[in-house]
Structure formats: structure tokens, C-alpha cells
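Please open the structure in a viewer and set the display to cartoon, with side chains available on request. The stops below are meant to be selected one after another.

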Amino acid sequence: MSTLDDLRREIDGIDEALHDLLMRRVEIGKRVAEAKGGNRGPYFRPGREAQIIRRLVARNESYLNVPTLIRFWREILSANLNMQTHVHAAVFMAEGAEKVYDLARDHCGISASIECMSDAQQVLDAVASGAATLGVLPGFPMTVARWWPLLLSDRSEGTAPRIIARLPFCETGPEDGVNGFTGDAFIVAAQEPEGSGEDRTLFAVPADHAVEGVIVDEAGGFKLVEQAGFLEAPLGLERHMGGREGEVPYYRIGAYAVPVHAG
């Protein structure tokens, strides 16, 4: 039977093995960054990260609970990303949605810098100009901080911010927040989203057009519609941005990987 000292020596050995593996992982990440050369963007790989975490959650059979497992890997993934570029997150915490800062910190990791801004427009401007590498905004529906209509722009503009992820990636259930905040947030970045194999896409569609999916919110003559899948165009509508007769203008404002559930 193992003594207490034996067990502690075994834990010390595991710690050293984990440290060796982490150092090896960081070294490989550095080589990946070097292999990309001068053209390293887009830096964010939300689809790839979602696949990594889902795979780990699926094989998790120990007493290690899922939120803790995901927290470990978020820090590892963020440390790897911060080796390629310094992550500077612009965050808008509307009244009642102060938790958005914690969600941003959990996702971006201890190596990132976080700057709080007074409204959503400032966040989106910082992302579009490159002053921030990403933005974190409160989730829907939160009408006092309604920001999704600010994303209604043609993707041909190149730097137009788009939703690329939803936080937290580990869901534990909705919260009773203030002003409609339910405990979630969205990440926006000046790049297109990335499919993960299990996604939802968000479209802004004219309010007077019937469309499939879940109507999340409505404002300014458009309704925010969420459809299952990683889609280029909303189901049931033709893609069009130029106003030709018989077609329907819409905006694909982003997509996100479906979160995992802790339960």
C-alpha cells in the first residue's frame, strides 16, 4: 500500500511530466507561427479551438470536471496565441453585464490586455481600426446594449467586425441578470468566422420577410435570426447585397461554435 510520501512523489512526477509536455506544446506552437511566415493572419481560430475542447471533453473520464478542464485549456490556447500576437481585447460592460469582463479574461488568458470602453460603437471601431485585436460584447437579448445593428455592413469592406465566438464556451445554464443580461457574451473580430462542425449562424434580415430559424431580436427594420449550421446565406433567402429586383438584402453578421454543456 502506498504511503503518503509515495503519493506525493508520484504527484511531483506528474507535475514534471505535465510541465515537460506544456513546454513541448509551446515550442511546437512557436514553430507553427514561424511556418506561417510574414502572413500570419487571421490569428483567431475559433473553429479549431472548439474542436480541440470538444475532443477533450468527450474523452474526459476522471474526477476532473468539465469547467475546470476547459479553463486549463483556455489558458494553454491563449498562451499559444499570445506568442503569435499580443491579444488586446476591447470590452463593453453595459449596466448589469459586468460579468462580460470576467468572460473576456477567462477566454483571452492572463497574457492578454483588456481595455474597458464606454459603449459598443467604441469597441467595434477599435476592432475595425486594429487598435484592438478583438472585442467582447454582451449577449442577446439585451436591448439597453443592443449592438448587433452596428454590424450591418457589406463584408466586401474587409475590416468589418463579425461575430466569431460566443462565451462562455462551457454553458452551465442561463443566469438571472439585470437589463436582460443572461450571462453570455460574443466575440467580434475583423475576420470571418470559422466553422467547427457544430455551429450557428446569425443573419440580419428585413423584418417584413419570413425566414427560418430563431428570431433573437428586432430593430431598425431588421430582425436578428439565428439558424443552425455554418451558413453563407440564410435558409430560404437568396444572397444579395445590391438591391436587384426580386432579391432580398440581408447581412451575415457572424457565426459561432455551439458551446458544450457542463452537466
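The tour goes from a strand and its partners to a pair of charged side chains and then to the internal cavities.

This is a predicted model, in which local features need pLDDT of at least 70, side-chain atom pairs count only at pLDDT 80 or more, and totals for chains, interfaces and linings use all residues. Residues are numbered from 1 along each chain as its sequence is written, and side-chain values use heavy atoms, with hydrogens and water left out.

**Stop 1: strand E7**

Select residues 199-206, which form strand E7; strands (E, at least two residues) and helices (H or I, at least four) are DSSP runs numbered from the N terminus. Of the 8 residues in E7, 7 are buried, where buried means under 20% relative accessible area, exposed over 50% and partly exposed in between (1.4 Å probe, protein chains only).

Add strand E9, residues 222-228, which pairs with E7 in the antiparallel sense over 7 bridges; pairing requires that DSSP find at least two bridges between two strands. Here alanine 204 has leucine 224 of E9 as its bridge partner. Then add strand E10, residues 251-257, which is also antiparallel to E7, over 6 bridges. Aspartate 199 stands opposite alanine 257 of E10.

**Stop 2: arginine 166 and aspartate 184**

Which strand holds arginine 166? Arginine 166 is in strand E4, and it counts as buried because its relative accessibility is 18%. Its side chain makes a polar contact with the side chain of aspartate 184 at 3.2 Å, and another of 3.4 Å joins it to the side chain of tyrosine 256. A polar contact is a pair of N or O atoms within 3.5 Å; within protein, one must be able to donate a hydrogen and the other to accept it, and residues adjacent in sequence count only if both atoms are side-chain atoms.

Now centre on aspartate 184, in the loop between strand E5 (170-171) and strand E6 (185-189). Aspartate 184 is buried, with a relative accessible area of 5%. Beyond its neighbours within four places in sequence, its contacts (heavy atoms within 4.5 Å) include Leu103, Pro138 and Phe140.

**Stop 3: the largest cavity**

Finally, select Pro46, Glu49, Arg74, His107 and Ala165, which lie nearest the centre of the largest cavity among its 21 lining residues. The lining divides into 15 nonpolar, 2 polar and 4 charged residues. Helices H2 (46-59), H3 (66-84) and H4 (99-108), together with strands E4 (162-167) and E10, each supply at least two lining residues.

Terms used:
1 Å grid on protein atoms, 1.4 Å probe; cavity = no way out; pocket = protein on both sides within 12 Å on 5 of 7 lines; lining within 4 Å. Nonpolar A, V, L, I, M, F, W, Y, C, P; charged D, E, K, R; others polar.
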